[in-house]
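Q: Please take a close look at how helices pack against one another in this model, and then at selected residues around them. I am new to this structure and would welcome a connected account.

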Amino acid sequence: MFFKKIVMNIRDLTIEEIKTELNAMSEQSYRAVQLFDWLHSKMILSLDETTNIGNSLKKKLVEKFDISFPSIYKEYISNIDETRKYLILLNDGNIIESVLMKYKYGYSLCISSQVGCNMGCSFCASTIGGLKRNLEIYELLSQVYLVSRHNNIRISHIVIMGSGEPFNNFDNLVKFLDIINDEKGQNISLRNVTISTCGIVDKIFKLADLEKPLTLALSLHAPNDVIRKELMPIANKYSIAEVLDAMAHYFEKTNRRITFEYSLIKDVNDGVSNANDLVNLFKESFKNRHIDFNVNLIPVNVVKENDFERPDMSSVNLFKDILENNHISVTVRRELGKDISGSCGQLRASVK
Ligand code: SAH
């Protein structure tokens, strides 16, 4: 019988774990710092790019670890704004999407957390083909490293809002955050990282316990459970009351302002009564609690497989005004990369 040996990718290791591995190979600890620097600061694609790692150590590493890395399969450049979408080819032939956005403060990359998604939100393209698998730590990292290298830029912000439900890939997500935040690697501040979840309540509590200064965004999309259940199957598992309580707990534990994403869909959740219900929902849910939060309105982006329509700007502005008049902080998300299907809910998985 043959068993396929599962080999770990070398980039899945933290600096401490590399030290332990090197010690077991009778190599000195300072080599771990050098190696981590090549892998995570210089973002090498192959050990051939190193200049201070000897051949005998390279040989040992190749025997023990998978060194391979995903690659950029295709780049789409928007003609409307400076957004760029990347198809990233994974070693097993699956393709995921990442989107680079340019802001005044720097570059932000929207990354995928899974190949596909099985959350089934009715307005989102990422879930149409179902879930194929979780992304490994090095595959999460590869999106940042490949796009940085390709454009010769430093990515300062990450939004985990591409395909997938990040909390269903929790352990890899946390280790990815540790490595991307490491000052010997990309040193990206966790304050500049936003995780968006459809609302997996136990994982919100679990993340809060880690007390990392991340921004947490909840895909709310409805002012009550009836509408939320029509849009998001996860609403059958957790009520809005439970999810809002978990989000409030996240704020109280981390003191990080929380975000509620609300995709505005014409004639589904964008009316004046929906806006008033949303105001009351927050008032009720957060009474006696001082919760700092922002509502991010996202006029729904068109996905060809469903019939949802974008509301016109006057309804969006009216909805915004109602929240603001009730002292709720609101932003309207810009639609970036429209011509390259790079906007929220338009990213997909595919296979080469
Ligand atoms: N699984 C995570 C990340 C999803 S994508 C989550 O559910 O939060 C990031 C945001 O885009 C989510 O708020 C998601 O609900 C929203 N979204 C999905 N499809 C969309 C669409 N067609 N138009 C606008 N926003 C969409």
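A: The account below treats three helix pairs in turn and then several individual residues.

The model is a predicted one, in which local features need pLDDT of at least 70 and side-chain atom pairs count only at pLDDT 80 or more, while totals for chains, interfaces and linings use all residues. Residues are numbered from 1 along each chain as its sequence is written, and side-chain values use heavy atoms, with hydrogens and water left out.

Two packed helices are described by the angle between their axes and the distance between the axes. Helices (H or I, at least four residues) and strands (E, at least two) are DSSP runs, numbered from the N terminus. The axes are lines fitted to C-alpha atoms, for helices over the stretch in contact, and the angles run from 0 to 180 degrees between N-to-C directions.

The axes of helix 1 (15–24) and helix 2 (residues 30–41) come within 8 Å and cross at roughly 130°. The two helices are therefore oblique to each other; angles under 35 degrees count as roughly parallel, over 145 as roughly antiparallel, 65 to 115 as roughly perpendicular and the rest as oblique. The crossing of helix 1 and helix 2 is right-handed. A crossing has that name if the near helix is turned clockwise from the far one by less than a right angle, and is left-handed if anticlockwise. In this pair, Ile15, Ile18, Lys19 and Leu22 of helix 1 meet Arg31, Ala32, Val33, Leu35 and Phe36 of helix 2, where contact means heavy atoms within 4.5 Å. By class, the contact of helix 1 with helix 2 has 7 nonpolar, no polar and 2 charged residues. Here Ala, Val, Leu, Ile, Met, Phe, Trp, Tyr, Cys and Pro count as nonpolar, Asp, Glu, Lys and Arg as charged, and the others, Gly among them, as polar.

Helix 4 (residues 137–151) and helix 5 (residues 170–181) pack at an angle of about 45°, their axes being 8 Å apart. Helix 4 is therefore oblique to helix 5. The crossing of helix 4 with helix 5 is right-handed. On the helix 4 side, Ile137, Leu140, Leu141, Val144 and Tyr145 meet Asn172, Leu173, Lys175, Phe176, Ile179 and Ile180 of helix 5. The residues of this contact comprise 9 nonpolar, 1 polar and 1 charged.

For helix 6 (residues 201–210) and helix 8 (residues 240–254), the axes come within 9 Å and cross at roughly 5°. Helix 6 is therefore roughly parallel to helix 8. Helix 6 contributes Val201, Ile204, Phe205, Leu207, Ala208 and Asp209 to the contact, and helix 8 contributes Glu242, Val243, Asp245, Ala246, Met247, His249, Tyr250, Lys253 and Thr254. These residues divide into 9 nonpolar, 2 polar and 4 charged.

Asp202 also belongs to helix 6. Its C-alpha atom is separated by 8.1 Å from that of Ala246, 44 residues apart along the chain. At 45% relative accessibility, Asp202 counts as partly exposed; buried means under 20% relative accessible area, exposed over 50%, and partly exposed in between (1.4 Å probe, protein chains only). The side chain of Asp202 makes a polar contact of 3.1 Å with the side chain of Tyr238. A polar contact is a pair of N or O atoms within 3.5 Å; within protein, one must be able to donate a hydrogen and the other to accept it, and residues adjacent in sequence count only if both atoms are side-chain atoms.

Asp66 lies in the loop between helix 3 (55–64) and strand 1 (71–77), and with a relative accessibility of 23% Asp66 is partly exposed. The C-alpha atoms of Asp66 and Asn9 are separated by 4.4 Å, although the two residues are 57 residues apart along the chain. Apart from neighbours within four places in sequence, Asp66 is in contact with Val7, Met8, Asn9, Ile10, Asn91 and Tyr138. The side chains of Asp66 and Ser68 form a polar contact of 2.7 Å.

His157 is part of strand 7 (residues 155–160) and, at 17% relative accessibility, counts as buried. The side chains of His157 and Ser156 are joined by a polar contact of 2.8 Å.

Most residues other than glycine have a negative phi. Asn187, which is not a glycine, has a positive phi of about 55°; Asn187 is placed in the loop between helix 5 and strand 8 (193–197).
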